[in-house]
Amino acid sequence: MLGWYPGHMNKARRQILEALPEIDVVIEVLDARLPYSSANPMLASLTRHKPVLKVLSRADLADPERTREWTNHFDAQPNTRALAVTTTQARELKRIPKLCHELAGQVRADRDVRVMVMGIPNVGKSTLINGLAGRTIAKTGNEPAVTKRQQKVRIAGQVALIDTPGVLWPKIEDQASAYRLAASGAIRDTAIDYVDVAIVTAAELAKRYPDALSARYKLKELPPYRPNPEAERIEADGDPGPDLLAQAGFDGHAILTTIAGKRGGLRAGGEVDLHRGAEVLLHELRDGKLGRLTLETPADIPVPEEEDAATDASGD
């Protein structure tokens, strides 16, 4: 689907592998609006033998009910705890050192619990570290890959944090995840066609949050969903998968056209500037102006192919 591997990310992977033997606990920072898509499967593979605290950042932008579903989902996994926070709110971060000690188990009294903080770019890692430290330690920004090297900082509660650069994976296999990451701003706006991202996002919001979408853009009614049966699967560097742009089809395009027309995207002669509509929708989604929304639930996690095949064989 999408492939890239900047040199500093390859270096970061090596640094993580070198540091892991001395680490007691891993904090993986996820976006509460897309906890599955913002989890790097490469990091999960690297840290599979370590206890993990899943910190769901930007909880103030996410649907509270869906966030509870996600924290319950992660808490049910072995050696894993989950905590939803707004990383700019220091009082919400106070539980983190205690949770790290609980996950680490028995650690010598004369040393800190060593915690590695991981996550993809632009997910809130640096803001979390600054909040825990009570001062500006890590550089923050709204562009992916701000942190470029490892750094270590001691915080209250006998915890030593090691920050790592945001690491994307060499290829995003799941097309739905790629679109959600693009919608949230976690990957650069040039990675996938901007208008395509907005079309798919408009369709997703119409299905998940029709009232919020209609209220924000004063839509009298949402267009009916008309899937394109001739283009439901595509080849994407491998096995066939669903064509989300085709499935978004009529409704996503029609919604974006209406938004563009209402928000300064209507040109002379009645031509509609879809790029203008895309800017409005995606920027306002990222800023939380449509309300507290979550783009996926645990039910959206794809079933591994081997499980799928086993289910088919059993006839269920």
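These are my notebook entries on a predicted model of one chain.

**Ground rules**

I number residues from 1 along each chain as its sequence is written. In this predicted model, local features need pLDDT of at least 70, side-chain atom pairs count only at pLDDT 80 or more, totals for chains, interfaces and linings use all residues, and side-chain values use heavy atoms, with hydrogens and water left out.

**Overview**

I started with the whole chain. It has 11 helices and 10 strands. Both are DSSP runs numbered from the N terminus: helices are H or I with at least four residues, strands are E with at least two. Of the 316 residues, 47% count as buried. Buried means under 20% relative accessible area, exposed means over 50%, and partly exposed lies in between (1.4 Å probe, protein chains only). I then checked contacts, meaning heavy atoms within 4.5 Å. Among those between residues at least 6 apart in sequence, 71% join residues at least 24 apart.

**The six-stranded sheet**

I traced an open sheet of six strands next. The order is E4-E3-E2-E5-E7-E6, with mixed pairing. The edge strands are E4 (80-84) and E6 (151-155), and each pairs on one side only. On average, neighbouring strands are turned by 25° against each other, direction ignored. Two strands pair if DSSP finds at least two bridges between them. Strands of a sheet pair through backbone hydrogen bonds, either parallel or antiparallel.

I looked at E5 (residues 113-118) on both sides. Five bridges join E5 to E7 (residues 159-163), and the two run parallel. Val 113 stands opposite Val 159 in E7. Val 117 has Asp 163 as its bridge partner in E7. On the other side, four bridges join E2 to E5, again parallel. There, Glu 28 has Met 118 of E5 as its bridge partner. E5 is mostly covered, with five of its six residues buried.

**Helices across the sheet**

I checked what packs on these strands. Helix H3 (residues 64-75) lies across E2 (25-31), E3 (52-57) and E4, at about 160° to E4. Helix H4 lies across E2, E3, E4, E5, E6 and E7, at about 175° to E4. For these angles, axes are lines fitted to C-alpha atoms, for helices over the stretch in contact, and angles run from 0 to 180 degrees between N-to-C directions.

Which residues of H4 (residues 95-104) are buried? I found Ile 96, Pro 97, Leu 99, Cys 100 and Leu 103. They cover an arc of only 165° around the axis, so they sit on the same side of H4. The arc is that of the directions from the helix axis to the C-beta atoms. Just after H4, Gly 105 takes a positive phi of about 75°.

**Helix H6**

I moved on to H6 (residues 175-184). It is mostly covered: 10 of its 10 residues are buried. The buried residues include Gln 175, Tyr 179 and Arg 180. At the start of H6, a side-chain oxygen of Asp 174 comes to within 2.9 Å of the backbone nitrogen of Ala 176. Just after H6, Gly 185 has a positive phi of about 90°.

**The annotated site**

I looked up the UniProt record. An unreviewed entry places the feature "binding site" at Asn 122, Val 123, Gly 124, Lys 125, Ser 126, Thr 127 and Gly 166. UniProt positions are in the numbering used here, feature names are shortened, and annotations may be inferred rather than shown by experiment. Lys 125 is in helix H5 (residues 125-133), and Ser 126 lies in H5 too. Lys 125 counts as buried because its relative accessibility is 5%. Ser 126 is buried at 8%.

**Two single residues**

Buried or exposed: what is Glu 284? Glu 284 is buried because its relative accessible area is 9%. It lies in helix H10 (residues 274-286). A polar contact of 2.9 Å joins its side chain to that of Arg 216. A polar contact is a pair of N or O atoms within 3.5 Å; within protein, one must be able to donate a hydrogen and the other to accept it, and residues adjacent in sequence count only if both atoms are side-chain atoms. Neighbours within four places in sequence aside, Glu 284 contacts Arg 216, Tyr 217, Arg 263, Lys 289 and Leu 290.

I closed with Ala 248, in helix H9 (residues 244-262). Ala 248 counts as buried at 2% relative accessibility. Leaving aside neighbours within four places in sequence, Ala 248 contacts Ile 199, Val 200 and Ala 203. Ala 248 and Asp 196 are 52 residues apart in sequence and 9.5 Å apart in space, C-alpha to C-alpha.
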